[in-house]
Amino acid sequence: LTAGTVTVTGDLNVTGDGGLCSAPLVNATGATGVSTAINKLITYKSQLIALTERYAKVYDSTANTWATSKDFGAGKIAQSAIIFQGTQSTPYLFVGMGTGAFYWVWDGTNDTTTWTQHGSQLASFWALVGEKLFVGYTSSGEKTSFTEDGGIAATFASVVPVGDRASILTA
């Protein structure tokens, strides 16, 4: 397709507003290995990761299949994911499990190992603010905390209740 001085090769999709965008990287219709809804897609270390209820799946574009990287356990639901490096030499994938389990960290060394669960930190949602990774969760009220070091054993600051006038949160 050629338009003016711009040449695009490969597959294209037409968006709802009539614009053009590149085709999706995943043909989810024909891919095997995912039987439940995908909650979150994230690219980490050149791999496409899908969080489906209790699983983290890695996509193999050659075979058009999803392989289980991590089974978080029966009744567990991976709610959020973010990539954060902090003061570490490499970035890590952080997966929040809500209030049902402590969060998980993956270093991406290979598809199925090197997942580590934090020993005490809950996580429903993540946010990057500057060089800090903030975590939010509900446990007897809304709470937040942050880390700057990242990695497998990230150290989080004291918990701050959200909306508590006595606790001022600064970035």
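In the predicted model, leucine 93 is in contact, beyond its neighbours within four places in sequence, with Ile42, Tyr44, Ile49, Ala81, Ile82, Ile83, Trp104, Val105, Trp106 and Trp115. Leu93 is also listed, together with Ile49, Phe72, Val95 and Trp115, among the residues with the most contacts inside the largest nonpolar core, a set of 16 residues. Strands β5 (38–44), β6 (47–52), β7 (55–60), β10 and β11 (98–106) each supply at least two residues of this core. The greatest contribution comes from β11, with three residues. Another core lies apart from it and comprises twelve residues, including Phe84, Tyr92, Tyr103 and Ala123.

Confidence varies along the protein chain. The average pLDDT is 76, and 71% of the residues score at least 70. Among the elements, strand β10 (residues 92–96) has the highest mean pLDDT, 93, whereas strand β1 (residues 2–3) has the lowest, 38. Over residues 1–18 the pLDDT stays under 50, and the model has 22 contacts beyond four places in sequence for this segment. A further segment with pLDDT under 50 covers residues 22–30, for which the model has 14 such contacts. Where pLDDT is low, predicted coordinates should not be read in detail.

Strands β5, β6, β7 and β8 form an open sheet in the order β5-β6-β7-β8, with antiparallel pairing. Strands β5 and β8 are the edge strands, each pairing on one side only. On average, neighbouring strands of this sheet are turned by 30° against each other, direction ignored. Within the sheet, β6 and β7 pair in the antiparallel sense over four bridges and form a hairpin with two residues between them. Isoleucine 49 has valine 58 in β7 as its bridge partner, and alanine 50 is matched with lysine 57 of β7. Ile49 thereby recurs in the description, as one of the residues with the most contacts inside the largest core and as a contact of leucine 93.

The antiparallel pairing of β7 with β8 extends over six bridges. Aspartate 60 stands opposite threonine 65 in β8. These two strands also form a hairpin, here with four residues between them, and asparagine 64 in the turn has a positive phi of about 55°.

Lysine 40 is located in strand β5, an edge strand of the sheet. Lysine 40 counts as partly exposed because its relative accessibility is 30%, a value between the limits of 20% for buried and 50% for exposed residues. Beyond its neighbours within four places in sequence, lysine 40 is in contact with Ile49, Ala50, Leu51 and Ala81. The C-alpha atoms of lysine 40 and glutamine 79 are 7.8 Å apart in space, although the two residues are 39 residues apart in sequence.

A search of the whole structure finds one salt bridge. In this salt bridge the side chains of arginine 54 and aspartate 71 meet at an N to O distance of 2.7 Å. Side chains of opposite charge can pair when their charged atoms come close. The pair links distant parts of the chain, 17 residues apart: arginine 54 belongs to the loop between β6 and β7, and aspartate 71 to strand β8 (residues 65–71). With a relative accessibility of 26%, arginine 54 counts as partly exposed. Aspartate 71 is likewise partly exposed, with a relative accessible area of 33%.

Key: Residues are numbered from 1 along each chain as its sequence is written. This is a predicted model: local features need pLDDT of at least 70, side-chain atom pairs count only at pLDDT 80 or more; totals for chains, interfaces and linings use all residues. Side-chain values use heavy atoms; hydrogens and water are left out. pLDDT is the predictor's confidence in each residue, from 0 to 100. Contact means heavy atoms within 4.5 Å. A nonpolar core is a set of buried Ala, Val, Leu, Ile, Met, Phe, Trp, Tyr and Cys residues joined through side-chain atoms within 4.5 Å. Buried means under 20% relative accessible area, exposed over 50%, partly exposed in between (1.4 Å probe, protein chains only). A salt bridge is a side-chain nitrogen of Lys or Arg within 4 Å of a carboxyl oxygen of Asp or Glu. Two strands pair if DSSP finds at least two bridges between them. Axes are lines fitted to C-alpha atoms, for helices over the stretch in contact, and angles run from 0 to 180 degrees between N-to-C directions.
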